[in-house]
Amino acid sequence: MPTATAAVRRLTVLYDAGCPLCVHIRHWLLAQRWLVPLSLVPAGSWEAHRRFPRLDHASTLREITVIGDSGQVWTGTDAFIVCLWALVEHRPKANWLATPAGRPFARAAMHTASAWRQAVRTEGHPEGAEGPACDEQCPVPR
């Protein structure tokens, strides 16, 4: 799926910690088997600003953003597909979603998730933007 010339060896997913759906997906991603290691960091957090000082952090709070270890940046539907591409069991699905036939399904999924997110998003960020963020070190609920 990634088309950048540099190999992708690690991805950082910036997710909305004020969105119950986004937090649920974060936990789901942490529970999956990875082909490419993932770091999950709250968007707009101190940790996100520290790791990516040149990134437009306001936009990362509006839509999912994934950053590759060589500086690649994917947002929205592309970020969703790249997340699936990083997973053992979902890479074939990601490859299909990246095709002209599959892309409308990926866009529809993102549109639905975005609408639901706007309806349930809480104000502020439970994990806080003031201090170090809870990232891949946070426990996954069982």
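Me: Buried means under 20% relative accessible area, exposed over 50%, and partly exposed in between (1.4 Å probe, protein chains only). Does Thr-60 count as buried or exposed?

Reply: This is a predicted model: local features need pLDDT of at least 70, side-chain atom pairs count only at pLDDT 80 or more, and totals for chains, interfaces and linings use all residues. Residues are numbered from 1 along each chain as its sequence is written, and side-chain values use heavy atoms, without hydrogens and water. The relative accessibility of Thr-60 is 3%, so Thr-60 counts as buried.

Me: Which backbone oxygen lies 2.7 Å from a polar atom of the side chain of Thr-60?

Reply: Thr-60 is in helix H3, residues 57-60. A polar contact is a pair of N or O atoms within 3.5 Å; within protein, one must be able to donate a hydrogen and the other to accept it, and residues adjacent in sequence count only if both atoms are side-chain atoms. The partner here is the backbone oxygen of His-57.

Me: How far apart in space are Thr-60 and Leu-14, C-alpha to C-alpha?

Reply: Contact means heavy atoms within 4.5 Å. Beyond four places in sequence, Thr-60 is in contact with Leu-14, Ala-43, Gly-44, Leu-55 and Thr-65. Thr-60 and Leu-14 are 46 residues apart in sequence, yet their C-alpha separation is 6.9 Å.

Me: In which strand is Thr-65 placed?

Reply: Thr-65 has 2% relative accessibility, so it counts as buried. Its neighbours more than four places away include Thr-12, Val-13, Thr-60 and Trp-74. A polar atom of its side chain lies 3.2 Å from the backbone oxygen of Glu-63. Thr-65 sits within residues 65-68, strand E3.

Me: What is the order of elements from the N terminus on?

Reply: Helices (H or I, at least four residues) and strands (E, at least two) are DSSP runs, numbered from the N terminus. The chain has 6 helices and 4 strands. They run β-α-β-α-α-β-β-α-α-α.

Me: Why is H4 largely enclosed by the rest of the structure, and how many of its residues are buried?

Reply: The buried residues of H4 include Gly-76, Thr-77, Ala-79 and Trp-85. They pack against strand E1 (11-15), H1, E3, strand E4 (73-75), H5 and H6. H4 is largely enclosed because the number of its 10 residues that are buried is 8.

Me: What arc do the buried residues of H6 fall within?

Reply: H6 has 18 residues and spans 26 Å from first C-alpha to last, close to the 26 Å expected; the expected span is 1.5 Å times one less than the number of residues. Its buried residues are Ala-106, Met-110 and Arg-117. Arcs are taken over the directions from the helix axis to the C-beta atoms. The buried residues line one face of H6, since their arc is within 35°.

Me: How far is Met-110 from Thr-77, C-alpha to C-alpha?

Reply: Met-110 has 19% relative accessibility, so it counts as buried. Its contacts beyond four places in sequence are Ile-64, Gly-76, Thr-77 and Phe-80. Met-110 and Thr-77 are 33 residues apart in sequence; in space the separation is 6.0 Å.

Me: Which exposed residues sit on the other side of H1?

Reply: In H1, Cys-22, Arg-26, His-27, Leu-29 and Leu-30 are buried. Their arc around the axis is only 160°, which puts them on the same side of H1. That buried set packs against E1, strand E2 (38-42), H4 and H6. Opposite are His-24 and Ala-31.

Me: What is the angle between the planes of Trp-96 and Phe-105?

Reply: Rings of Phe, Tyr and Trp (its six-membered ring) pair if their centres lie within 6.5 Å; planes under 30 degrees apart are stacked, over 60 edge-to-face, and the rest tilted. The count is 1 aromatic pair. Trp-96 and Phe-105 form this tilted pair, with centres 5.4 Å apart and planes at 35°.

Me: Is Phe-105 buried or exposed?

Reply: Phe-105 is on the face of H6 turned away from the buried side, along with His-111, Thr-112 and Ala-119. Its ring partner Trp-96 has 38% relative accessibility, so Trp-96 counts as partly exposed. Phe-105 has a relative accessible area of 54%, so it is exposed.

Me: What share of the contacts in the chain between residues at least 6 apart joins residues at least 24 apart?

Reply: Of the 142 residues, 40% count as buried. Among contacts between residues at least 6 apart in sequence, the share joining residues at least 24 apart is 71%.
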